[in-house]
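Welcome, and thanks for taking a look at this one with us. Please open the sequence and the model side by side, and we will walk through a few selected places together.

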Amino acid sequence: MEVGGERFPKQRQVLVLFLLVGEALAGWESRRYSVMEETESGSFVANLAKDLGLGAGELAARGARVVTEDKEPRLQLDLQTGDLILNEKLDREEMCGSTDPCVMHFQVLLKKPLGVFRAELLVRDINDHSPVFPEREMTLRIPESSPPGTVFPLKKAQDLDVGNNNIQNYSISPNSHFHVTTRDLGDGRNYPELVLDKELDREEQAQLRLTLTALDGGSPPLSGIAQVHILVLDVNDNAPEFAQRLYQVQVPENSPVGSLVVKVSARDLDAGPNGEISYALSYSSQEISKTFEVNSLSGEVRLIKKLDFETTSSYELDIDASDGGGLSGKCSVSIEVVDVNDNSPELTISSLTSPIPENSPETEVALFQIRDRDSGDNGRMACSIQDDLPFLLKPTEENFYTLVTNGALDRETRAEYNVTITVTDLGTPRLKTQHNITLLVSDVNDNAPAFTQTSYTLFLRENNSPALHIGSVSATDRDAGANAQVTYSLLPPAAAPGLDPQLPLASLVSINADNGHLFALRALDFEALRAFEFRVGATDRGSPALSSQALVRVQVLDANDNAPFVLYPLQNGSAPCTELVPRAAEPGYLVSKVVAVDADSGQNAWLSYQLLRATEPGLFGVWAHNGEVRTARLLSERDAAKHRLVVLVKDNGEPALSASVTLHVLLVDGFSQPYLPLPEAAAEQAQADPLTVYLVIALASVSSLFLFSVLAFIAVRLCRRSRAAWVGGCSVPEGHFPGHLVDVSGTGTLSQSYQYEVCLMGDSGSNEFKFLKPVFPNVLGQDIGRKAEGNPTFHNGLGI
């Protein structure tokens, strides 16, 4: 029962549903079929497919079935042919008793779409029961003074058949005193009466034996017989008479046992024993005998068994009143059982769908029928469910209801519903029945896997071992079962940042498809690959499968696996480069600069310099941060002319890596003095071996002659080119002493790139080296320039 503002919208919904069902059934009227009782099981009754206007195959497609009110499987529907056939022999007397006609109501239920068609099956009676008298012999006591025409009631026979197959008339064996007539009570019942045709004479004949025959109207007719024993009595010429021929009473079905139903009363004008009346039930069925009793003296009819309106709604009783002289009278009592609300509504589930797929629109969940065995308001019912559920009840015909979803369901929000269907009657007091249904919502793959992060950053130190676990990605799916089982995969990138196009992603990393663990497949080199990105996918196992992506960035961490590399001076195994330092140099004079780089990064590439060994300690020093080699004090004549310095370059890694470089420094009085340095290795050999000394002397002689020739040649060439201007601070004679370019990139401790040209002056009488200015001027170049202004021996170079 709806309340408030929801009542009228739901009534309109019911009205619209009835209109739709009415249109669907407009061409159908309640059909009545008939069949003879005792017809064999499997016999054809009718073709429902033809009557419904449906093809034979449509019955199976629409889930047709036959439903009877008493739930007995008496009928069967062949879904392939549409034939309605008997499922068992029908016994009309068992089904309907004395009720005529015997009609069995049934419905044809179609599910897809829903349709309910009413029909009736008339079970026609056959003459399969003979009349039966309650007693094989009846005894009548008839006073001899009875005048002709006196009527004596006889006990009637019972025939379970109905209509013409029931008892039609009675006959008695031929005699000269009596004949039999059939008396009709007006309610379809009749009983025989014995009519006196000729006065009796006790002295002539004290008793008679006659045969009473009951004959039904069947074809062929059946009969039953009973013996009538007539005793002729002396005068008792007044039979008892009831005050009413028919008593009509109403008795509530909840009347207790022993309740007074009715009191009948008869009187007899005779006196003495002929006037003493006793009451008794006339012939009655076993059911009546177990339900009512009559007090033989008072005529009170009382209950001896509880009544049930739903089983039997009325009773018909015949009561005899007999006097002491053998005369009797008869009356009838019609008892109507009044219904009380003593039956709760009944609910029968015809079909139930569970689980229900989520995301489906309006879906039929259950089909059920309600019933109340009471009548009137006691049998009228209202059906409802809880208001907070996404379901609706839709009534159909014949007290059928469908439970449907009110929109799509979401399993991830709620996976189970407990629906309580409440059926309440309108009686007093109201009775109700509740039926609980548990409905499960089945999963549909409507949720893609979701990563816990949109992007992941993983750190991996270089020189890792292969197959190293570097991290994990994780995704969850709100669905269930296979729809929630996630499989991980690497997605092929169009252009992965940081990756060499020739280096496939599959050769670097792999992913465990089950748990999302990522593994490095090879050792990585920070100097070759510092970082790279790729995408991973998470795909569920639903149909169709859903997926999502996440970005993974792998940051390679540097390890101190590269020792410093010295760019200048070159350490290529050739003749060492000798740095010239004038003896007049001030303390702090820039002798040279050690340039080194480190392929690592961060603190692993922070370089520091220190003087590891020196020919004369304390004469030179190395700046720790820029590698500049400078004089530590003033030079003197006592200082050796040649010096060998070993500079150590060390990075800041852990553990620290280092490299060493050797510098050869030659102290000269001035840059105009001829000088041709001897290789240090040759000098050491000369001291170590006498033969080497001789070789050195010979070499010096040859060298002196060669030097003189060279100087002469240079002087001639310079005279010819006296008009040539210096370009870039250096002029080099053709064919002699080609210049060497030293290119120092801006790595390590240098902030810019430098390129120096070393050339030998050709216009002087001595060998001088001239260093050109750097390609990109810097502070160091400016400082050297200032030194060159104050010292005529400087030529725009590195302090030499």
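## Cysteines

Cys331 counts as buried because its relative accessibility is 1%, under the 20% limit. Cys383 is also below that limit, at a relative accessible area of 15%, so Cys383 is buried as well. Please keep in mind that these values come from a predicted model.

How many disulfides does the model have? The count comes to one. The bond runs between Cys96 and Cys102, with the two sulfur atoms 1.9 Å apart. The torsion about this S-S bond is about 65 degrees, so the disulfide of Cys96 and Cys102 is right-handed. Both partners are out of the solvent's reach by the accessibility criterion: Cys96 is buried, and Cys102 is buried too.

## How far to trust the model

Before going further, a word on confidence. The protein chain has an average pLDDT of 79, and 80% of the residues reach at least 70. Residues 1–27 have pLDDT below 50, and this stretch makes 12 contacts in the model beyond near neighbours in sequence.

Another stretch to treat with care is residues 723–800, where pLDDT stays under 50. The model nevertheless shows 149 contacts beyond four places in sequence for residues 723–800. Where pLDDT is low, the predicted coordinates should not be read in detail.

## Asn341 and its loop

Asn341 sits in the loop that links β23 (328–338) with β24 (346–352). Is Asn341 buried or exposed? Its relative accessible area is 10%, under the 20% cut-off, so Asn341 is buried.

The side chain of Asn341 has polar partners here. One is the side chain of Asp425, in a polar contact of 3.2 Å. Another is the backbone oxygen of Pro429, which the Asn341 side chain reaches at 2.6 Å. Leaving out residues up to four places away in sequence, Asn341 touches Asp374 and Asn378, along with Asp425, Gly427, Thr428, Pro429, Arg430 and Leu431.

## A three-stranded sheet

Now to an open sheet of three strands, ordered β43-β47-β46, with antiparallel pairing. Its edges are β43 (590–593) and β46 (620–622), each of which pairs on one side only. From one strand to the next, the twist averages 20 degrees. Strands of a sheet pair through backbone hydrogen bonds, either parallel or antiparallel.

If you would like to follow one pairing closely, take β43 and β47 (residues 628–631), which run antiparallel to each other over three bridges. Which residue stands opposite Ser592? The residue facing Ser592 is Val629 in β47.

## Leu663 and Pro582

Leu663 belongs to strand β49 (residues 658–668). With a relative accessible area of 1%, Leu663 is buried. Beyond its neighbours within four places in sequence, Leu663 is in contact with Pro569, Val594, Val629, His643, Arg644, Leu645 and Val647. Val629 is thus a shared point of interest: it stands opposite Ser592 and is in contact with Leu663. The C-alpha atoms of Leu663 and Pro569 are 7.5 Å apart, although 94 residues separate the two in sequence.

Pro582 lies in strand β42 (residues 578–582). Its relative accessibility is 7%, so Pro582 counts as buried. Between the C-alpha atoms of Pro582 and Leu635 the separation is 8.5 Å, for residues 53 places apart along the chain.

Key:
Residues are numbered from 1 along each chain as its sequence is written. Side-chain values use heavy atoms; hydrogens and water are left out. Helices (H or I, at least four residues) and strands (E, at least two) are DSSP runs, numbered from the N terminus. Buried means under 20% relative accessible area, exposed over 50%, partly exposed in between (1.4 Å probe, protein chains only). A polar contact is a pair of N or O atoms within 3.5 Å; within protein, one must be able to donate a hydrogen and the other to accept it, and residues adjacent in sequence count only if both atoms are side-chain atoms. Contact means heavy atoms within 4.5 Å. A disulfide is a pair of cysteine sulfur atoms within 2.5 Å. Two strands pair if DSSP finds at least two bridges between them. Axes are lines fitted to C-alpha atoms, for helices over the stretch in contact, and angles run from 0 to 180 degrees between N-to-C directions. pLDDT is the predictor's confidence in each residue, from 0 to 100.
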